[in-house]
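Here is a short tour of one chain, written for someone who likes distances and angles. Have the structure open while you read.

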Amino acid sequence: MRIVQLIDIQHNRRIALVEEPRLILIDEYDSVYALAISALKDSTTLEALINAKRTQDHLPYDAVYEGTSDWRLLPAVDHPLDPRFCMVSGTGLTHKASAENRQKMHDAQAASQLTDSMKIYQWGLEGGKPAPGGIGVQPEWFYKGNGSVLKPHNAVLTIPNFGDDGGEEPELAAVYINDETGTPHRIGFATANEFSDHVMEKKNYLYLAPSKIRNCAIGPELVLAGTIEDVPGEVSVERQGKTLWKQAIKTGETHMAHSIRNLEYHHFKYDNHRLPFDLHVHFLGADAFSFGAGIQLAEGDTMRVQWEGMGRPLLNTVGIDARDEVPLQINNL
């Protein structure tokens, strides 16, 4: 089952079930968050609630997807009341190609020596998929921001004026909500572009943390699935109407060094990640990105990410904040 979040020109919100080529409007709930809270409260499933509240009203998906409708797509999930209660984070070095790119990026002698990045990837290969009931090796983890960094399909992803670069990272993001006791519940998965500053990261791997604090995109659809095994896809960059670069990609547990359960344990083992009714969007790692192929994105470039079985492609345009960087005025109270 695939759903989307919508908003119209009067700022009315709805959620809809994807039944190509239509979007079937769902009654009563105006966000995935509200739907999930209701499912927790009533001890039922998201699918059951959606089937119970589907209406006869529908929208043509093409017009919404292309941005020609009065309705436009929101991020696949968000916290509609306060974005501060949504944590956006991720796990790197889960895919071999990503680890190899990081290896080359951070060590001039990468051909003969293993960097810390490649060591962490190998640790994942050796201990990232523990037996049921076991705890595997800890993965790399990074913070991207709160829910205010989440952008939808067709949105501009902006390189800030303090940034060195910006580049797509084609991924899947897992979405969770904590119940009233703090127990996490997996809602589903969404196509994602974990937009990052690879030039900043390349200067020194200790700059990984600030290179990740950027806007990013998830959507257009949220897939209500319990797990992901073998998901092929494609990522591409278009410049002035022509394909600049594209590559086949793969994700899912078959192609990852860690199991989803192991990534989840190491994210939610922290008490402050299990606050009641908080939302979590967690990126699961990239298989390839254009920076690794020597591509530097320019303003106006279109990034396209598509995963088989995960709905329509996610498209975003690159923007650059060209204003001069100036010190912030910090006041005393």
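Tyr 65 has a relative accessibility of 12%, so in this predicted model it counts as buried, the cut-off being under 20%. Its neighbour in the story is Tyr 61, which is buried too, with a relative accessible area of 0%. Both tyrosines belong to helix α3 (residues 61-66), where they sit four residues apart, or about one turn of the helix. That spacing fits a general rule: an α-helix has 3.6 residues a turn, so residues three or four places apart point the same way.

Now for the rings. The structure holds two aromatic pairs, and Tyr 61 with Tyr 65 is one of them, in an edge-to-face arrangement. The other is formed by Tyr 176 and Phe 268, again edge-to-face. Such a pair is described by the distance of the centres and the angle of the planes, and the table gives both.

| Aromatic pair | Centre to centre | Angle between planes |
|---|---|---|
| Tyr 61 and Tyr 65 | 6.1 Å | 85 degrees |
| Tyr 176 and Phe 268 | 5.1 Å | 75 degrees |

The Tyr 176 and Phe 268 pair links distant parts of the chain: Tyr 176 comes from strand β10 (residues 170-178) and Phe 268 from helix α8 (residues 260-268), 92 residues apart. Tyr 176 counts as buried at 4% relative accessibility, and Phe 268 does as well at 7%.

Back at α3, what sits over the ring of Tyr 65? It's the charged end of Arg 312, 5.1 Å from the ring centre. Arg 312 also lies over the face of Tyr 61, at 3.9 Å from the centre of that ring.

That brings in the domains. The chain is divided into domain 1 (2-73) and domain 2 (83-320), so by those bounds Tyr 61 and Tyr 65 fall in domain 1 while Arg 312 falls in domain 2. The domain centres, taken over C-alpha atoms, are 26 Å apart. Across the boundary, 19 residues of domain 1 are in contact with 19 residues of domain 2. Together the two domains bury about 1600 Å² between them, with 64% of it on carbon and sulfur atoms. On the domain 1 side, Arg 2, Leu 40 and Tyr 65 supply 38% of the area buried against domain 2, more than any other three residues.

Phe 268 leads on to its helix. How many of the nine residues of α8 are buried? Seven are, so the helix is largely enclosed by the rest of the structure. Along with Phe 268, the buried set is made up of Ile 260, Asn 262, Leu 263, Glu 264, His 266 and His 267. The cover over these residues includes strands β6 (86-90), β10, β11 (184-193) and β15 (279-283). Tyr 176, the ring partner of Phe 268, lies in β10.

One last stop is a lysine. Is Lys 212 buried or exposed? Lys 212 is buried, with a relative accessible area of 4%, and its place is in helix α7 (residues 208-212). Its side chain makes a polar contact of 3.4 Å with the side chain of Glu 169, and another of 3.4 Å with the side chain of Ser 196. Leaving aside residues up to four places away in sequence, Lys 212 touches Phe 142, Tyr 143, Lys 144 and Glu 194 as well as those two polar partners.

Conventions: Residues numbered from 1 in each chain as written. Predicted model: local features only at pLDDT ≥ 70, side-chain atom pairs only at ≥ 80, totals over all residues. Heavy atoms only, no water. Helix = DSSP H or I, 4+ residues; strand = E, 2+ residues; numbered from the N terminus. Buried < 20%, exposed > 50% of the residue type's maximum accessible area, 1.4 Å probe, protein only. Polar contact = N/O pair within 3.5 Å; in protein donor to acceptor, adjacent residues only side chain to side chain. Contact = heavy atoms within 4.5 Å. Phe/Tyr/Trp six-rings, centres within 6.5 Å; stacked < 30°, edge-to-face > 60°. Lys NZ or Arg CZ within 6 Å of the ring centre and 35° of its normal. Buried area = accessible area lost by both parts, 1.4 Å probe.
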